[in-house]
Amino acid sequence: KRQMLAAADLRGLADTALRQLSRSPVFWLTVVLAVALRWRRRRLLKRIDTIASRVGKPTTDRFGLTWRTVGLTLLIAAPLPLVMAVSGLHLMLFDASTELSRAVGDSLLRIAMILYTLLVLEAICLPRGLAAVHFRWPESNILLLRSNLTWLIWLFPTAGLAFHLALDLNPAATGGTPARLLALPLYAAVVWFLLRLFHPRKGVLTQARQNNAFPVLTRTYWLWFPLLLLIPTVFAFLGLAGYIHTVATEAIMYLNTLWLMLGMVLTNALALRWLLVARRGLAYDAALERRRAALEAARSEADAPDGQGSELPFEEPEVDLSALSDEARGLIRTVVSVAGLIGLYLIWEDALPALRVFEDIVLWHSTETVDGTEQAQPVTLAAVGLALIYGIATWLLATRLPALI
């Protein structure tokens, strides 16, 4: 440990950081932008609240309001991660950078991305933010997510920064003892957060499991929930045992899987929000048309004078999410699920070499004409399986697409 700190050249890091960052106009521009965003945080929150007051009303609600709230949410979470990312890039890319400064810069850049994602998720759970007003998530789920994000936002990035620094400062020994010890709190935080979030009786899916809102997800709960907790637990013990390189490599895939899951949830929520706005607008226009027809019929029967009854009381119809077309919602879930499966395969492809065995299993040969000559092309089990996946996806889209149109 002492040798690692001695080789780190902390004084050189301070000199490099002061020299490179103090002379960079990009860094100071970033600092000014971050301070401005932090200073205008209240105005951004007020703007989100103003937009929320227009959501849900057929006369004012538009899907563009959701996109504006998305932009404001991204800006609210940006100040600190933005400064960290720019600082990390400066420490990494300048010619005068030392080994320590490059290590610190790489760690800052990695952790800045993680911190920004967590801060964005926290901003989504604001009282009048995307989750509560636009996505209509249950209030209990929002409170649960926000309370657990409060401690995870600072514990996980801090432990991750120290872990990456230990790896970068002592790559020959894959971080040594500090990396082994830091792996435990790092993955313990992930396990505890996921346990609280997806708890069988108190988690965010409790209501969905009771109502069977997501049948595929709830039916496979017994499979993916233990795996979700088991994988980081195994990583923690492997780290303590000294398999740091394996843990660091596989942990990136696992973390990318969590980001993919978050992206699928948000994409599904945005798609349902668009569908809700579209159906509410159609319902409102149809209701107005019926009122006009009823008014014209009443005028014809009573021979009322012109202009009488032109201002007729009208109650705006409320369209609940549960009343949406099952076929359209099913199409959205199918598209998101297929995209998620493809993403999972791309993330874990390198870690699943056993699947490549199917490429060596030849089922039959087909004849193809190449440059005027017939050649026998093998049809492997992998190709048949891929064709089957394409066929199932095409069938699902073909059955769901007319409902959305």
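**A short tour of a predicted, mostly helical-element chain: notes for a new reader**

1. Let us start at Leu223, which counts as partly exposed because its relative accessibility is 43%. Please keep in mind throughout that this is a predicted model. Leu223 belongs to helix α13, which covers residues 221–241.

2. Leu223 also has company on the surface. Together with Trp222, Leu227, Leu230 and Val234, Leu223 forms a nonpolar patch there. The accessible area of these residues together comes to about 510 Å².

3. It may help to step back to the whole chain here. You will find 16 helices and two strands in the chain. Of its 405 residues, 37% count as buried. The chain exposes about 24000 Å², and 64% of that is supplied by carbon and sulfur atoms.

4. Contacts across the sequence are worth a word too. Taking contacts between residues at least 6 apart in sequence, 70% join residues at least 24 apart.

5. For a buried position, have a look at Thr73 in helix α5, residues 63–76. Thr73 has a relative accessible area of 2%, so this residue counts as buried, the cut-off being under 20%. Beyond its neighbours within four places in sequence, Thr73 touches Ile48, Val120, Ala123, Ile124 and Leu130.

6. Now turn to a pair of helices. Two packed helices are described by the angle between their axes and the distance between the axes. For helix α3 (residues 25–39) and helix α6 (residues 79–93), the axes come within 9 Å and cross at roughly 170 degrees. Angles over 145 degrees count as roughly antiparallel, and α3 and α6 are therefore roughly antiparallel to each other. On the α3 side, the contact is made by Val26, Phe27, Thr30, Leu33, Ala34, Leu37 and Arg38. On the α6 side, Pro79, Leu82, Val83, Val86, Ser87 and His90 take part.

7. Finally, a stop at one of the strands: Thr367 sits in strand β1, residues 362–370. Is Thr367 buried or exposed? Thr367 counts as exposed, because its relative accessibility is 57% and the cut-off for exposed is over 50%.

8. Thr367 has partners further along the chain as well. Setting aside neighbours within four places in sequence, Thr367 is in contact with Glu374 and Gln375. Thr367 and Gln377 are 10 residues apart in sequence, and their C-alpha atoms are 6.1 Å apart in space.

Methods. Residues are numbered from 1 along each chain as its sequence is written. This is a predicted model: local features need pLDDT of at least 70, side-chain atom pairs count only at pLDDT 80 or more; totals for chains, interfaces and linings use all residues. Side-chain values use heavy atoms; hydrogens and water are left out. Patches are made of residues with over 30% relative accessible area and no salt bridge: like charges are joined within 9 Å, nonpolar side chains (Val, Leu, Ile, Met, Phe, Trp, Tyr) within 5 Å. Accessible areas come from the Shrake-Rupley method with a 1.4 Å probe; for residues, only the protein chains shown count as cover. A salt bridge is a side-chain nitrogen of Lys or Arg within 4 Å of a carboxyl oxygen of Asp or Glu. Helices (H or I, at least four residues) and strands (E, at least two) are DSSP runs, numbered from the N terminus. Buried means under 20% relative accessible area, exposed over 50%, partly exposed in between (1.4 Å probe, protein chains only). Contact means heavy atoms within 4.5 Å. Axes are lines fitted to C-alpha atoms, for helices over the stretch in contact, and angles run from 0 to 180 degrees between N-to-C directions. Angles under 35 degrees count as roughly parallel, over 145 as roughly antiparallel, 65 to 115 as roughly perpendicular and the rest as oblique.
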